Amino acid sequence: MSSEQDAIDVILEQWRRERPDLDLSAMGVFGRLAQVSRLVESAVEQVFRRHGMRPGEFDVLAALRRSGPPYTLIPSELSDVLMMSRAGMTNRIDRLEAAGLVERSLDPADRRSFRVALTEEGRQVIDATLTEHAANLAALAARLTPQEAATLDAVLRGMLTRETTRG
């Protein structure tokens, strides 16, 4: 394997030899995308572990923090923002509350419901974690030129926002 080749190139060469009748260009794109995803996921999880949390717990704290003062949402809003089930949200809130990072209180607008708010400790934890998380992602992105990063961002946005038509 040359310095310009990666493991995906080797796999594609083998498949092209065995199945020259197939267009395998998408296999290369998505194979590399999967490898990059694993690389990023591992690096991100290391940061979260150093701060004593799982990715899902980070997501809840981050959603509360970026909601702005008073850093409070109702569970259904959190579920919607994080695109997850209400039951899954309850489990995350339970863990974060036990850790002292969020607190529940009755919703004054609807006493059948409650609100979830960042505690001061929760705010400190999410701010410290986010600071390290942003630096970590910037270090990973530094492997790209600014133009490559902008192009990759535009390509991925396009892929996520364009509907595919099935025929």
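Helix axes here are lines fitted to C-alpha atoms over the stretch in contact, and the angle between two of them runs from 0 to 180 degrees between N-to-C directions. Keep that handy for the exercises below, and remember that this is a predicted model.

**Exercise 1. Work out how helix α3 sits against helix α4.**

Step 1: Grab the geometry. The axes of α3 and α4 (residues 75–82) lie 10 Å apart, and the packing angle is about 110°.

Step 2: Compare with the cut-off. Angles of 65 to 115 degrees count as roughly perpendicular, and α3 and α4 are therefore roughly perpendicular to each other.

Step 3: Look at who touches whom. From α3 come Asp59, Val60, Ala63, Leu64 and Arg66, while α4 brings Leu78, Val81 and Leu82.

Step 4: Sort these residues by class. The α3–α4 contact has 6 nonpolar and 2 charged residues, with no polar ones.

**Exercise 2. Do the job again for α3 and helix α5.**

Step 1: Find the two helices. α3 covers residues 55–66 and α5 covers residues 86–98; their axes come within 10 Å and cross at roughly 85°.

Step 2: Name the arrangement. The angle falls in the 65 to 115 range, so α3 and α5 are roughly perpendicular to each other.

Step 3: List the partners. On the α3 side you'll find Gly56, Glu57, Asp59, Val60 and Leu61, and they meet Met89, Arg92, Arg95 and Leu96 of α5.

Step 4: Split them up. This contact divides into 4 nonpolar, 1 polar and 4 charged residues.

**Exercise 3. Now describe how α3 meets helix α6.**

Step 1: Start with the axes. Those of α3 and α6 (residues 120–141) come within 10 Å, crossing at roughly 105°. That makes α3 roughly perpendicular to α6.

Step 2: Pick out the residues. α3 offers Phe58, Leu61, Ala62 and Arg65. Across from them, α6 uses Arg123, Val125, Ile126, Asp127, Thr129, Leu130 and His133.

Step 3: Tally the classes. There are 6 nonpolar, 2 polar and 3 charged residues in the contact of α3 with α6.

**Exercise 4. Find what is unusual in the loop between α3 and β1.**

Step 1: Recall the usual case. Most residues other than glycine have a negative phi, and most peptide bonds are trans.

Step 2: Check the prolines. Pro69 and Pro70 are joined by a cis peptide bond, with omega about 10°. Pro70 belongs to the loop between α3 and β1 (72–73).

Step 3: Check Tyr71. This residue lies in the loop between α3 and β1, and its phi is positive, about 60°, although Tyr71 is not a glycine.

**Exercise 5. Explain which parts the Asp9–Arg32 pair ties together.**

Step 1: Spot the pair. The Asp9 and Arg32 side chains form a salt bridge, 2.7 Å from N to O.

Step 2: Place each residue. Asp9 is in helix α1 (residues 7–18) and Arg32 is in helix α2, so the salt bridge links parts 23 residues apart in sequence.

Step 3: Widen the view. The whole structure has 12 salt bridges.

**Exercise 6. Identify the residues and helices behind the nonpolar surface patch.**

Step 1: Name the members. Val29, Phe30, Leu33, Leu144, Leu152, Leu156 and Met159 make a patch of about 570 Å².

Step 2: Trace them to helices. α2 (25–50) and α7 (146–161) each give at least two residues to the nonpolar patch. Take Leu156: you'll find this residue in α7.

Key. Residues numbered from 1 in each chain as written. Predicted model: local features only at pLDDT ≥ 70, side-chain atom pairs only at ≥ 80, totals over all residues. Heavy atoms only, no water. Helix = DSSP H or I, 4+ residues; strand = E, 2+ residues; numbered from the N terminus. Parallel < 35°, antiparallel > 145°, perpendicular 65-115°, else oblique. Contact = heavy atoms within 4.5 Å. Nonpolar A, V, L, I, M, F, W, Y, C, P; charged D, E, K, R; others polar. Patch = residues over 30% accessible without salt bridge, like charges linked within 9 Å, V, L, I, M, F, W, Y side chains within 5 Å. Areas by Shrake-Rupley, 256 points an atom, 1.4 Å probe, with all protein chains shown as cover. Salt bridge = Lys/Arg side-chain N within 4 Å of Asp/Glu carboxyl O.
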